[in-house]
Amino acid sequence: MANTQTFKQMKGGHFKTLQQYAPIVARVHGGHHPEFHEVRTLLDAIMQKAKDAGKGKAELHEEFSRLREITGNYTVPNDVCESYEAVYVLLSELDRAYHA
């Protein structure tokens, strides 16, 4: 798998996109999908821990485990927009890269 990126390689671009999409998705879909508010809280924790770790590896097992639990392994609800789907796809990619 030569195209597989590490968590450190992908976090910059993914974090930037997630920072843009997550607040909008929370505002638009949070009423019908209250679990997304916890997704956003966990995302914020992941980004902060990654920042605090600097060049070291952040301890994110608990956050990713909880994300998998509340999202049904990043299963996208049927009644959401493409931005919501993108958030789950990006989180899933980060999760896989972190545990690789």
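Helices here are DSSP runs of at least four residues, numbered from the N terminus. With that in hand, a predicted model can be read from its charged pairs outward.

The structure holds 4 salt bridges. Side chains of opposite charge can pair when their charged atoms come close. A good place to begin is helix 3, which spans residues 61-71. Within this helix, Arg66 and Glu69 sit 3 residues apart, about one turn of the helix. Their side chains meet in a salt bridge, with 2.7 Å from N to O. Arg66 counts as partly exposed because its relative accessibility is 27%, a value that lies between the limits of 20% and 50%. Glu69, in contrast, counts as exposed, since its relative accessibility is 56% and the cut-off for that class is over 50%.

Helix 3 is also tied to helix 4. Arg68 forms a salt bridge with Asp95, and the closest N and O atoms of this pair are 2.8 Å apart. The bridge links distant parts of the chain, as Arg68 belongs to helix 3 and Asp95 to helix 4, 27 residues apart. On the helix 3 side, Arg68 is partly exposed, with a relative accessible area of 27%. Its partner Asp95 has a relative accessibility of 6% and therefore counts as buried, the limit being under 20%. Returning to Arg66 and Glu69, salt bridges that share partners join these two residues and Glu38 into one network.

A further pair brings in helix 2. Lys49 forms a salt bridge with Glu63, where the closest N and O atoms are 2.6 Å apart. Here too, distant parts of the chain are linked: Lys49 lies in helix 2 (residues 35-53) and Glu63 in helix 3, 14 residues apart. Lys49 is partly exposed, with a relative accessible area of 34%, whereas Glu63 counts as buried because its relative accessibility is 7%.

The loop between helix 3 (61-71) and helix 4 (82-99) deserves a look as well, and Asn73 is found there. Asn73 has a positive phi of about 60°, although this residue is not a glycine. Tyr74 is in the loop between helix 3 and helix 4 too, and its phi is near 65°, again a positive value in a residue other than glycine. As for accessibility, Asn73 counts as exposed because its relative value is 55%, while Tyr74, at 10% relative accessibility, counts as buried.

Key:
Residues are numbered from 1 along each chain as its sequence is written. This is a predicted model: local features need pLDDT of at least 70, side-chain atom pairs count only at pLDDT 80 or more; totals for chains, interfaces and linings use all residues. Side-chain values use heavy atoms; hydrogens and water are left out. Helices (H or I, at least four residues) and strands (E, at least two) are DSSP runs, numbered from the N terminus. Buried means under 20% relative accessible area, exposed over 50%, partly exposed in between (1.4 Å probe, protein chains only).
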